[in-house]
Each structure stands twice: as structure tokens, then as C-alpha cells.
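The questions below go through one structure step by step, from its interior to its backbone geometry. Please keep the sequence and the coordinates open while reading.

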Amino acid sequence: MRIAVATIKHETNTFAAGSTEYDDFELATDEELLGSFATGRSIAGIRDVLLAADADLVPTIGADTIPGPTVTDAAFERLRDELLDRIARERPDGVEVAPERSDGDRIDGVCLDLHGSMHAESYADPEGELVASIRDVVGPDVPITAALDMHATITDRLVEHLDGAAGYRTAPHTDVVETGERAASLLLESLQDDRDLTLGWERLPMLLAGEQSETEAEPMASLIERCRAADEQEGILDANYFLGFPWADSPHAGCHALVTGDAGDADAVESTATDLAAAFWDRRDEFDFTTEAHDPATTLDEAAATADRPVVVADTGDIPGAGGSEDVVDFLEVIVDRTDFEAPLVAVIADADAYGTCAAAGTGQAVDLALGQRAESGEPYRTEALVEGLASAEGVATARIDVDGTTVLVTEERTNLHRDPANLRDLGIEPTDRDLVVLKSGYLSPAWKDLASRRLFALTRGNTDQVLSKLPYERVPRPIAPIDEETRWSA
């Protein structure tokens, strides 16, 4: 079996200013795609399962980057065309060959690691375009399966051209590699058992943020168990909920039930998708913040009234992991103005100019900063600061500064280094010594959950505003819950 594998991933926040360019992606090709690039990604699970089945892997390209603003057409088209070229013109032993290969060199299957909520300038459905283009190259009889993020946006075109899909079943996402294993297993079901696959799909008119649908809490905990139970039914291979991405103004927005099964049991596959969608819709009013959530001032009041340390607060309006700019300073200004915290920590403000000022001055020097931007005006926070240290964490240049008693990490670029408290320790900061730790984050990673004495959401402003009705949607299909009270759906 010759299996082409690839990963092209981006979660696009269409409300974020700027654009995501080709050079913003971490790139890998050929054997590198199967090596260090695969670490912690679904492509690792795809690789391991297919190699265990003695498949001959055809690594093509890998492209991944932190969620962010809309992808340029030039970037998406270049990634697409590079992938198609590598599928159409393999390079055995490093030598290019013509597209007309012998049957012994033909591609038998394709397994992809995608996000599912990319958005490009002229492409509202880049993944659908990508899979349709692959289908044009490999033909109608070659199975294509994909591993998708739980927050993928499912579209008609994607369903038309995919044979099977597996999605994350955890939020926070701790089953990324395992999802790749499931996607590869679906492909093997088709190839080894000569089994045609089919997809059953239902879209629900709902917008839902991850911060209201963590899988350790209800109703998602029970709904995910429904998916696992569905897997055991005759003819069903992999059942999933995909929650879409609410910070994208997409004409395909919504939540989805998507089921992969045996084409010989197509009716069962369709009915299972419908049943899962109905169960989700019936519980739509139960979705709420799975962490205690307040306006910014009340959040800090609650934190100040908590005796145990550290209280960990998520600055939820500016989440880099959901495409936020990571430089909104409104909440930081409120924290600095408080006097009831001892050495609070704020991580991270991404500001290349401010970092450059700190780096040029050096450790121990005072600097005047124009830091970040305010959510409404775009004006920076002008303040004096003391540079306490300069270092690198997760490969990101970082300055540790003191702003009137508040420790702030300022980075040269947008980053998710603050997802793991171990990265802060690498910078000489012990989180448990702080009574207040504020993270540019949505739901917290398991490591932070274990460390925090109390967890709080601050409902701040920014590109990832949790109050979805405040976002300037123009392309989202209406009516849609929870914004429109009159929204209806029936199985």
C-alpha cells in the first residue's frame, strides 16, 4: 500500500487584523514530515499506524502555525499546489518522475492531518478546496481520510470528497496523536478490508466557544460518550461532534455531527448522525462556561478574596490559541491599578517593538514603553517599566519586566509558551509563589488546572470575545443560536 500523508493546518480568526503569510508557517517536506515535525501532532499517529501496517508512506508536505488572521490566497494556493505536485509527481529515491506512473507506484490512499477551520481571502472553505483538489489528482476510487480538530467547520465540499474523518474528543485537546491513529485506521479499514466508506452529516445552527464546551464537564462529557457508544454500533466506524470556530465570520458556521461508517450501512450512518445532532440540540441550553466567569473587575475581586495561591485567571478576550492578537492591554491596566495583589504575573503581551526596546536597554534598566493596544481605541499603554530579565522560552525571545509591581512577560512574537507552567519556570518564575497569575488563555491546560488553587475566566474584550453577540458577523448564516432567539432546527 502506498499512502500519501500531509498536514496543512491553520485555525483562522477572521476578526484579527493583518494576514497570515506563507512564511508564517512552520514547514516540512518529505522525511522531515515524519520526524521532528510530527511530534505531538496527529500526523504522528497517522505515521505510526500506517507503518505498523507495513504501508509504504509517501510523505508530502507539512505546514502549521499558531492560529491567527486570515490566510492570504497566495499562501494557501502555494501550499495546496505544493501538496498536489508532490502527490502527482512522487520522488522515489529523490528522483522526480512523471505523473504517469506504473500501477506499482500508484497512490492507494491519502491520510491528512487538517485543522478544519482555515479561512483564506477568497476561500471560505480551504480544506474543502484542498480535499477536492486532491480528489481530482488521485481519482474517485482512492480513499481519503482526515484527522480534524474538534473545532473544525464541516462543509458540503469536505463531506463530498472525504471518505472518512476522525476528530479530537477532548477539550483541552489531549488526544491529538490518538486522533491521527483513528484517521489512519479508517483508511486501513477501506484498503485492507476492501470496504467502501461513507459519511453521515448534520449541521446545527449554533455558535459555541470551546470555553463553554470542555469535555470534562457536562453536557460535553455525556455527548462524547454518545460518540464512543455509536462507534460500537453495526456499520459505524467513527462518530464525532465538530463544534466549528466562533471567531470566524464563515458562511459555513455551525456545530456538526459527522459519522464515518460502512457504505453498505449508509442508512444507519445517516440516522446515527441525525440522532447525535438531535441529542446535541436538545442540550443546547446547558452549554455554559465550565470555569467561573466574570467581568474583569469582579474577577479580580474574587481572586483577591481567595486565600490560597495561586489564583489563575484566563484573559479570555485575547487568546492567541484562538487567533487573538495577544497584545490587548485593557486587563493589564486594571491589574496594575490594583493594590491588593503581591507581585501579580501577566503572561504574555506580544509586542515586537516593546520587546526590542527592552532588549536594547538590557537587564536592570528602566524603559519607557508604548505597550500593546487597547481593545477599543488601538492606543498603546504608555508606562515606565524595569527590565528584570531577557531570555528565550520555546524558542521565543522574552523580556520579563516590572510595571509598578506587576511582572509582565513581553515577547517578540505571538506565542503559546504560557500554556505550560514549566516554560515560566525556565524563565526563572515560580508560578506557585504568585498570588495571581493571568494568562492570555481560554480554557486552561491540564498542567495549569493542577497547579491553580482557583480558576477564573475574565470576560475581556478582544478578537476572541466570549460574548459572541458583540462580534461583527456579516457572513454567518442566520438565524443562529445563541445570538438569535428564534433559531430552530429539527431532525
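Q: Which element supplies the largest share of the largest nonpolar core?
A: In this predicted model, the largest nonpolar core has 49 residues, and those with the most contacts inside it include Leu204, Met206, Tyr241 and Trp448. Several elements supply at least two residues each, among them helix 7, strand 8 (236-242), strand 9 (255-262) and helix 13 (446-451). The largest share, seven residues, comes from helix 8.

Q: How many residues does the other core have, the one that includes Tyr22 and Val58?
A: Apart from the core described above lies another one, with Ala75 and Leu79 also among its members. Its number of residues is 40.

Q: Which residues is Leu204 in contact with, leaving aside its neighbours within four places in sequence?
A: Leu204 is among the residues with the most contacts inside the largest nonpolar core. Once those sequence neighbours are left aside, its contacts are Gly254, Cys255, Ala277, Phe280, Trp281 and Trp489.

Q: Is helix 7 roughly parallel or roughly antiparallel to helix 8?
A: The axes of helix 7 (residues 220-231) and helix 8 (residues 266-282) come within 11 Å and cross at roughly 170°. Because angles over 145 degrees count as roughly antiparallel, the relation of helix 7 to helix 8 is roughly antiparallel.

Q: How many nonpolar residues does the contact of helix 7 with helix 8 have?
A: Helix 7 contributes Met220, Leu223, Arg226, Cys227 and Ala230, while helix 8 contributes Thr272, Leu276, Ala279 and Phe280. By class, one residue of this contact is polar and one is charged, and the number of nonpolar residues is seven.

Q: What is omega for the cis peptide bond that joins Ala481 and Pro482?
A: Pro482 is placed in the segment after strand 18 (454-458). A further cis peptide bond runs from Arg309 to Pro310, with omega near -10°, and Pro310 is found in the loop between helix 9 (296-304) and strand 11. For the bond that joins Ala481 and Pro482, omega is about 0°.

Q: Does Asp54 count as buried or exposed?
A: Asp54 lies in the loop between helix 2 (42-52) and strand 3 (56-64), and has a positive phi of about 60° although it is not a glycine. Its relative accessibility is 68%, and since the cut-off is over 50%, Asp54 counts as exposed.

Q: What is the relative accessibility at which Asp30 counts as partly exposed?
A: Asp30, in the loop between strand 2 (26-29) and helix 1 (31-34), has a positive phi of about 55° although it is not a glycine. Asp30 counts as partly exposed at a relative accessibility of 29%.

Conventions:
Residues are numbered from 1 along each chain as its sequence is written. This is a predicted model: local features need pLDDT of at least 70, side-chain atom pairs count only at pLDDT 80 or more; totals for chains, interfaces and linings use all residues. Side-chain values use heavy atoms; hydrogens and water are left out. Axes are lines fitted to C-alpha atoms, for helices over the stretch in contact, and angles run from 0 to 180 degrees between N-to-C directions. Helices (H or I, at least four residues) and strands (E, at least two) are DSSP runs, numbered from the N terminus. Angles under 35 degrees count as roughly parallel, over 145 as roughly antiparallel, 65 to 115 as roughly perpendicular and the rest as oblique. Contact means heavy atoms within 4.5 Å. Ala, Val, Leu, Ile, Met, Phe, Trp, Tyr, Cys and Pro count as nonpolar, Asp, Glu, Lys and Arg as charged, and the others, Gly among them, as polar. A nonpolar core is a set of buried Ala, Val, Leu, Ile, Met, Phe, Trp, Tyr and Cys residues joined through side-chain atoms within 4.5 Å. Buried means under 20% relative accessible area, exposed over 50%, partly exposed in between (1.4 Å probe, protein chains only).
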